[in-house]
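Good morning, and thank you for coming. I ask you to look at the sequence and the structure on the screen while I speak.

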Amino acid sequence: MTPRTWAVVPAAGAGTRMGGSTRKQYLVFGGRPLLLLTLQALTSWPDLDGLVVVAPGADVDWVRGLVEGAGIPRLLRVVAGGARRQDSVRLGLEALEEAADADVVFVHDGVRPFPPVGRFAALRDAASPDGALLAVACRDTLKHSDAGFIASTVDRSDLWQAQTPQAFPLALLREALRSADARGYRGTDEASLVEALGRRPRLVPGDARNLKVTTPEDLPLAEALLAVSAEPQGAAGAPCHIGHGYDVHRLVEGRRLVLGGVEISHPTGLLGHSDADVLAHAVADACLGAAGLGDLGRHFPDRDPQWAGASSLDLLARVAGLVGERGLCVRRVDATLVAQRPKIAPHASAMEERLSRALGLPAGGVTVKATTTEGLGFEGREEGISAHAVALLGYARTPLLSCSSCARAR
């Protein structure tokens, strides 16, 4: 008979090593908080009977709404955590024991969104009698230090780095928590509490990709792992999104010439419903295309009077917002203007700065180049100006600040 397996997910920590005012479990990657990514990964294992989520006390209702709204299956309860990790695990275990019949309990960090689900069955089967945990062998050379100097080199041949989930028979984990509390013992993981009883949990090979997001240095790696694991809007496994934009406007008398948000003195200007900034339009179309959002005309049609004379930089900033709603952000743009005149080089830096600012990119986020056609074509005859742009989008990483504890921190 297959053991009934439940999970307790401690996610009540303050995340002080991450810094900032937002708890790390609420940081959003690709449109989803880390906690949701973790729960979705756990519940993708069909043999998991259910789970209890342990949240900060002030956030219990908010987290419950978040989890239920995301449709996380087999959720039993969301309960308030304690001051220490083992307090939170104990409280989660109490909630589980009150409402469910479990043989094996997985304990999994709320900020490990990439667990090796394919190894869960082996972990469960190894849990009896002394428990089991996922772990990876240490690969780097380890040193003992003494006042900033190397005291000795540690033999790493038998050293492993503990991961989660960690799996235990329900009665054993309950006993380990009770004993630790009675003795005032504080463990760094559940296996250490079981070890303190004289038991020997079994090591199950884990996966180096089973990252625990702990410090700011972990964030880019988490983004990369998410990008190659799954894509919320499709194109599964795509590490990035690339879009191409192209736009053309006619040169006429009596119009301002605005390129990349910079007004340039010239006998003619570009004709259009807005300020006809052909460069900004090409950049906007590239970003929209990369996000699968169509083109500029779909969102800002030239039949709508509210966009008459509009600043194309303002439209570009709105495009960045639309991209963000897809859980993406613009990472890099490369653009080329095609014009016989005027000379673009004296204005390119200003264009780059204004386009970057509109997209929320740091300086250098947009590159503007220019070329002539040696007098060929409509650009060469100075009948119009065209622009091409390529945009690179990646997953957005933004804080989700609507929870009560994060609001207080701000």
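I shall begin with the protein as a whole and then turn to one helix, one loop residue and several salt bridges.

Please keep in mind throughout that this is a predicted model. The secondary structure comprises 13 helices and 19 strands. Along the principal axes, the C-alpha atoms fill a box of roughly 85 × 50 × 40 Å. For a compact globule of 410 residues, one would expect a radius of gyration near 22 Å, but this protein has 28 Å.

What share of the 410 residues is buried? Buried residues make up 50% of them. The accessible surface comes to about 18,800 Å², and carbon and sulfur atoms account for 50% of that surface. As for contacts with a separation of 6 or more, 73% are between residues 24 or more positions apart. The protein has 44 positive and 46 negative charges, and the mean positions of these two groups are 3 Å apart.

Let us now consider helix α1, residues 34-43. Nine of its 10 residues are buried, so the helix is largely enclosed by the rest of the structure. Among the buried residues of α1 are Leu 34, Leu 35, Leu 36 and Leu 37. Thr 38, Leu 39, Ala 41, Leu 42 and Thr 43 are buried in this helix as well.

My next example lies in a loop. Gly 15 is found between strands β1 (5-10) and β2 (27-29). Is Gly 15 buried or exposed? Gly 15 counts as buried, because its relative accessibility is 17% and the cut-off for buried is under 20%. Although Gly 15 and Val 213 are 198 residues apart along the chain, their C-alpha atoms are separated by 9.5 Å.

I come now to the charged side chains. Side chains of opposite charge can pair when their charged atoms come close. In this model, the count comes to 24 salt bridges, and I have selected three of them.

The first on my list joins Arg 331 and Glu 223, whose closest N and O atoms are 3.5 Å apart. This pair links distant parts of the chain: Arg 331 belongs to strand β16 (residues 328-338) and Glu 223 to helix α7 (residues 218-229), with these positions 108 residues apart. Arg 331 is partly exposed, at a relative accessible area of 36%, whereas Glu 223 is buried, at 13%.

Next, Arg 256 forms a salt bridge with Glu 263, and here the closest N and O atoms are 2.9 Å apart. Arg 256 is partly exposed at 45% relative accessibility, and Glu 263 is partly exposed with a relative accessible area of 48%.

The last pair is Arg 357 and Glu 353, with the closest N and O atoms 2.3 Å apart. Where do Arg 357 and Glu 353 lie? Both are in helix α11 (residues 348-359), four residues apart, or about one turn of the helix. An α-helix has 3.6 residues a turn, so residues three or four places apart point the same way. Arg 357 counts as exposed at 57% relative accessibility, while Glu 353 is partly exposed at 38%.

Salt bridges can also share partners, and in this way Arg 84, Asp 87, Arg 90, Glu 94 and Asp 181 are joined into one network.

That concludes my presentation, and I shall be glad to take questions.

Definitions and conventions: Residues numbered from 1 in each chain as written. Predicted model: local features only at pLDDT ≥ 70, side-chain atom pairs only at ≥ 80, totals over all residues. Heavy atoms only, no water. Buried < 20%, exposed > 50% of the residue type's maximum accessible area, 1.4 Å probe, protein only. Helix = DSSP H or I, 4+ residues; strand = E, 2+ residues; numbered from the N terminus. Salt bridge = Lys/Arg side-chain N within 4 Å of Asp/Glu carboxyl O. Rg over C-alpha atoms; globule rule 2.2 N^0.38 Å. Contact = heavy atoms within 4.5 Å. Areas by Shrake-Rupley, 256 points an atom, 1.4 Å probe, with all protein chains shown as cover. Lys, Arg positive; Asp, Glu negative; His and termini not counted. Charge placed at Lys NZ, Arg CZ, Asp CG, Glu CD.
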